[in-house]
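Student: I would like to learn how the words used for a protein structure are justified. Could we go through one together, setting each value against its definition?

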Amino acid sequence: MEIKKIKIACFGEVLWDIFPGGQRRAGGAPFNVAYHLFKMGVEVNMISSVGKDDLGEELLHKIKNWNISTEGIQVDPLHPTSTVIASLDENNDAHYEIVENVAWDFIEVRPKDQEKLSSTDALVFGSLVTRNERSRNTLFELIEASAYHVFDINLRPPHYDVNVIKDLLHKTQLAKFNKAELRMMLDFLGKSYRTENDAVRYLQDTFDLQEIIISKGSKGALYAHGDDFYLCPAISIEVKDTVGSGDSFLAGFLSKRFENGASAQQIMQQAVSLGAFITAREGACPEYSLEDFLLFQG
């Protein structure tokens, strides 16, 4: 019997992260998720936009070389390919300077993307792509074409609007926060809470949200599905850098979440393992094979 391939679309930024010393790496949170999903054997459709320029051409070439489809990536003749200046602090945590009015701020609605979403298991998006009205409107239209929505909340001031985040949460089946974002979200809602579980339950009730993930770094991660809560400890590794670690965690989660018969424990184990595997390597999208990851998992 043929195993049905999982299909996931990722919507939002695809860009060049430029590191100290001028080194360029392909990035953007939704693209990082797409990259790792592809490595896990998922059929991925990245919906984004690059400029009609050398950097855009180079980025498309790099993605194609990874054998990832670029069919969903538009080429914008008016706006440049996105570049982000990345710096690492003394803890190897990344900080980003994000330029505005770039190609992925102006992603158009295309019927072929909408059509594809009707047979896709999930649509993944973050909050950064909603900073511009054009891409924001496109996202809301794509949500209408899709049945299961994964919102990776990524609060980078000043690039978000609380009302837009609330609107998206009302349309979301699975939301992912880190601890800081969970606190910020509850502050926005004017809600104080005693325990993390209280906070999660409040969000579930407020937004009619079945599934919530809280990533907690070295403290592991929490997954709430309805009334069931699962806590998964972190895997201890030597941290190379934390660039894209949350994205690889989410990709690990989703690659198992849509597998028939996978338990919540197995789903979380895959998420935490892939997050650790990538954090022990340099960059958000290091070269590796599924076999490398399976060996790491043991």
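Tutor: Let us begin with one lysine, keeping in mind that this is a predicted model. Lys176 has a relative accessible area of 5%, and it lies in strand 10, which covers residues 174-178.

Student: Why is Lys176 called buried?

Tutor: Buried means a relative accessible area under 20%, and Lys176 has 5%, so the word applies.

Student: Which residues does Lys176 touch, if its neighbours up to four places away in sequence are not counted?

Tutor: Lys176 touches Phe151, Asp152, Ile153, Ile213, Ser215, Gly246, Phe249 and Leu250, where a contact asks for heavy atoms within 4.5 Å.

Student: How do you know that the structure holds zero disulfides?

Tutor: A disulfide needs two cysteine sulfur atoms within 2.5 Å. The cysteine sulfur closest to that of Cys10 belongs to Cys285 and is 11 Å away, which is too far for a bond. Cys285, whose nearest cysteine sulfur is that of Cys10, is likewise in no disulfide.

Student: Are these two cysteines buried or exposed?

Tutor: The limit for buried is under 20%. Cys10 has a relative accessible area of 0%, so it is buried, and Cys285, at 12%, therefore counts as buried too.

Student: What makes a set of residues a nonpolar core, and which residues touch the most other members in the largest one?

Tutor: The members must be buried residues of certain kinds, Leu, Ile and Phe among them, joined through side-chain atoms within 4.5 Å. The largest such core has 52 residues, and those that touch the most other members are Ile8, Phe31, Leu37, Phe253 and Leu254. Several elements each supply at least two residues of this core, including strand 1 (7-11), helix 1 (29-39), strand 4 (43-51) and helix 8 (245-257). Helix 9 gives the largest share, eight residues.

Student: What does Phe253 contact, leaving aside its neighbours within four places in sequence?

Tutor: Phe253 is in contact with Leu174, Ile213, Tyr223, Ile267, Met268 and Ala271. Apart from the largest core there is another, of 41 residues, with Val129, Leu155, Ile165 and Ala199 among them.

Student: How do you know that strand 1 pairs with strand 4 and with strand 8?

Tutor: Two strands pair when DSSP finds at least two bridges between them. Strand 1 is joined to strand 4 by five bridges, and the two run parallel, with Lys7 standing opposite Glu43 in strand 4. Four bridges join strand 1 to strand 8, also in a parallel arrangement, and there Ile8 has Ala122 as its bridge partner. Both counts meet the requirement of at least two bridges, so both are pairs.

Student: What makes strand 1 mostly covered?

Tutor: Of the five residues in strand 1, four are buried.

Student: How do you know that the radius of gyration of the protein agrees with a compact globule?

Tutor: For 298 residues, a compact globule would have a radius of gyration near 19 Å, and the protein has 18 Å, so the two agree. Along its principal axes, the C-alpha trace spans about 50 × 50 × 40 Å.

Student: What can be said about the protein as a whole?

Tutor: The protein contains 10 helices and 13 strands, and buried residues make up 54% of its 298 residues. Among contacts with a separation of 6 or more, 69% are between residues 24 or more positions apart.

Notes: Residues numbered from 1 in each chain as written. Predicted model: local features only at pLDDT ≥ 70, side-chain atom pairs only at ≥ 80, totals over all residues. Heavy atoms only, no water. Buried < 20%, exposed > 50% of the residue type's maximum accessible area, 1.4 Å probe, protein only. Rg over C-alpha atoms; globule rule 2.2 N^0.38 Å.
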